Amino acid sequence: MGMHAVHKILAYASGRSKVDPGEIVTAKVDIAGINDIYLTVLVSFYEMGGKKVWDSNKVVFFFDHNAPSSIIKASENQKEMRQFINEQGIANLFDINDGICHKVLPEAGLVKPGDIIVITDSHTTTHGAFGAFGTGVGSTDLAIIMMTGELWFRVPQVVEIRLEGKLKKGVMAKDIVLYLLGELGTNFAPYKVIEFTGLIVENMKLDEKMVLCNMALEMGAKSTYIQPDDSVLEYIKSRADKEFIVHETDPDFNYSGSHTFDISSLEPQVALPHGVEKIKTVREVAGTSINQVFIGSCTGGKLTDIMEASEFLKGKKIARHMRLIVTPASKEVLLESIKRGYYETLLQAGAVFTPPGCGACFGGHSGVLASKERCASTSNRNFPGRMGNKDSEVYLVSPLTAAATALSGKLTHPLLDEKN
Amino acid sequence: MSLIIKGKVILLNMDNISTDEIYPASYLNLSDPKEIAEYVLTGIDPHIHNRLLGSILVVGNNFGCGSSREQAVIGLKAAGLQAVIAGSVGRIWYRNAINLALPVLIRPEIVHEFKEDDVITINLEDSTIRKVEDGKIFLSEPISEFVLNIIRNGGIKSMMKRKYA
């Protein structure tokens, strides 16, 4: 039987010619990333007898969750991490001004096809959009990589999601992935890699491919894969200064499952509180009153997301008492938003911009919710208490639906007026 | 660490208990296990951590889904929880649990077989869960030798320490 591209990545990284799903391999890691909320990584590192990191160019720190720090304890943790970074001569610190790990890493040219990217953040599945094998781990696993440069993996099965058809106007990748969560559930792909294929995927912008790979995690995926095309390779080549190998799946590879969806008739979707799989069309729940709209996170804070919201809100004013919080995923996204005028358009419409980072998505700061409050969010999770008080509610939507909702103060279909 | 465990059941008959409920984000800056234990499962019940010592948690499907935060295992372990029995669990949470030698047994629908305060014994080697009251035995998915070895050694940290310190 042939091999999948991700199996070739794992085989290459573990010094073997072939790997089979189910077996355990020890693979060399290309990037080991630590987020600022996990001082526990350094605790584990020292507890296990760690002294010097295996490669100071491959261990990367991201100060993205508390950026800039809003509480003393977080500041103390960042201070301790800065000391570690200096002592160890760590080359890459993405500081409090830079943005979210999954956005800044590829921007910096540090994600390449064939790479194994491991970060202390579950949404590391995002890097499948670049043809890399990305997966999230806890603190101790990350500390083991810091010491040895390697980690054990069970070789995953690969399941294919084929997306065919033509997207209707007003429908974004976020709507597709929410729809898939509703159809396939949160336990669809445990321990598996989800590969996205089909015409819809081939025609997607990189920003949108990242949305699919990012939220595939919510279907239980260990990692994701989209075969990089010329435009993705162009993006990577323009930023990376190292050579890379683009693996391809053998024609006789057998997927553990394959699901085809024609999504030509797909409408904007929403995940209701408190589950990513509780999916309705926006039309079905339109009119639900909303206190806050959040446009941000590694899922929904990229340039495409801010552009769509900005074009929708151009020359308009958001509803009275509505809070529209925009958190760019990175400094690059912020700069480009300023350059293209989105920043001003959104401010004029009544939005507030926060510094780049994770912010309100994980209920950390810059937009946490009070009890009973409702937020329509372009982020990735709506579990109880995710964005603040445990009695608050989060509705996951696309950036376009978010913009339409900010305008009316109620959950609103972005093309309602056009009777689409 | 012993592969035979005996304890009282704490039952949370719910699916999709996420790491946001096991360990809410507002406490993520803590790194001392004793402090972390004070807030574990706070999103479900702020007092439950006082009852975890020596207990076995029985839960529904997809327990520990969500974030990679290891505090969602560190806290359970530091509060004295002995094991988790679940219909299914989130992948990263599972890895973290095994690394820290918190045994996890998986069996679909198992949450319906027990009630609060049932006394049970677990044998990790043959993957059996026995209800002491009536002697009824349930088989969980087998635990691989790779995973058993980590648990037997009291977690991956002590194994690493022996190898590298």
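**Stop 1: where the chains meet**

Select chains A and B of this predicted model. Here 40 residues of chain A are in contact with 34 residues of chain B. Now colour three helices of chain A: H2 (40-47), H3 (72-88) and H5 (139-148). Each gives two or more residues to the side that touches chain B. Which helix gives the most to this side? It is H5(A), with five residues. Next, colour this side of chain A by residue type. You will find 15 nonpolar, 17 polar and eight charged residues.

**Stop 2: the largest nonpolar core**

Move on to the largest nonpolar core, which has 182 residues. Select A:Val118 and B:Val84, the residues with the most contacts inside this core. Then show helix H6 of chain A, residues 173-184. H6 gives the most to the core, with seven residues. Colour the two domains of chain A as well: domain 1 is 5-260 and domain 2 is 269-413. The core draws at least three residues from each of them.

Zoom in on B:Val84. Leaving out residues up to four places away in sequence, B:Val84 touches B:Leu57, B:Val59, B:Phe63, B:Ala97, B:Leu102 and B:Val104.

**Stop 3: helix H4 of chain B**

One of those partners, B:Ala97, is among the buried residues of H4(B). Select residues 91-99 of chain B to see this helix. How many of its nine residues are buried? The count is nine, and the helix is mostly covered. Charged-type names appear on the buried list too, including B:Arg91 and B:Arg95. B:Trp93 and B:Tyr94 are also on it. Just past the helix, click B:Ala101: its phi is positive, near 60°.

**Stop 4: helix H1 of chain A**

Go to residues 5-13 of chain A, helix H1. Why is H1 described as largely enclosed by the rest of the structure? Because seven of its nine residues are buried. Pick them out: A:Ala5, A:Val6, A:His7, A:Lys8, A:Ile9, A:Leu10 and A:Ala13. After H1(A) comes A:Gly15, with a positive phi near 65°.

**Stop 5: A:His413**

Finish at A:His413, in the segment after helix H15 (399-408) of chain A. Is A:His413 buried or exposed? It counts as buried, because it has 22 C-beta neighbours inside 10 Å, and the cut-off for buried is 20 or more. Leaving out residues up to four places away in sequence, A:His413 touches A:Pro268, A:Val282, A:Arg283, A:Ala286 and A:Ala404. Draw a C-alpha to C-alpha distance to A:Val282: the two are 5.7 Å apart in space, yet 131 residues apart in sequence.

Note on methods
Residues are numbered from 1 along each chain as its sequence is written. Chains are lettered from A and ligands numbered from 1 in the order in which they are written. This is a predicted model: local features need pLDDT of at least 70, side-chain atom pairs count only at pLDDT 80 or more; totals for chains, interfaces and linings use all residues. Two residues are in contact if their C-beta atoms, placed from the backbone, lie within 7 Å. Helices (H or I, at least four residues) and strands (E, at least two) are DSSP runs, numbered from the N terminus. A residue is buried if 20 or more other C-beta atoms lie within 10 Å of its own, exposed if 12 or fewer, and partly exposed in between; C-beta atoms are placed from the backbone. A nonpolar core is a set of buried Ala, Val, Leu, Ile, Met, Phe, Trp, Tyr and Cys residues joined through C-beta atoms within 7 Å. Domain bounds come from an automatic or database domain assignment.
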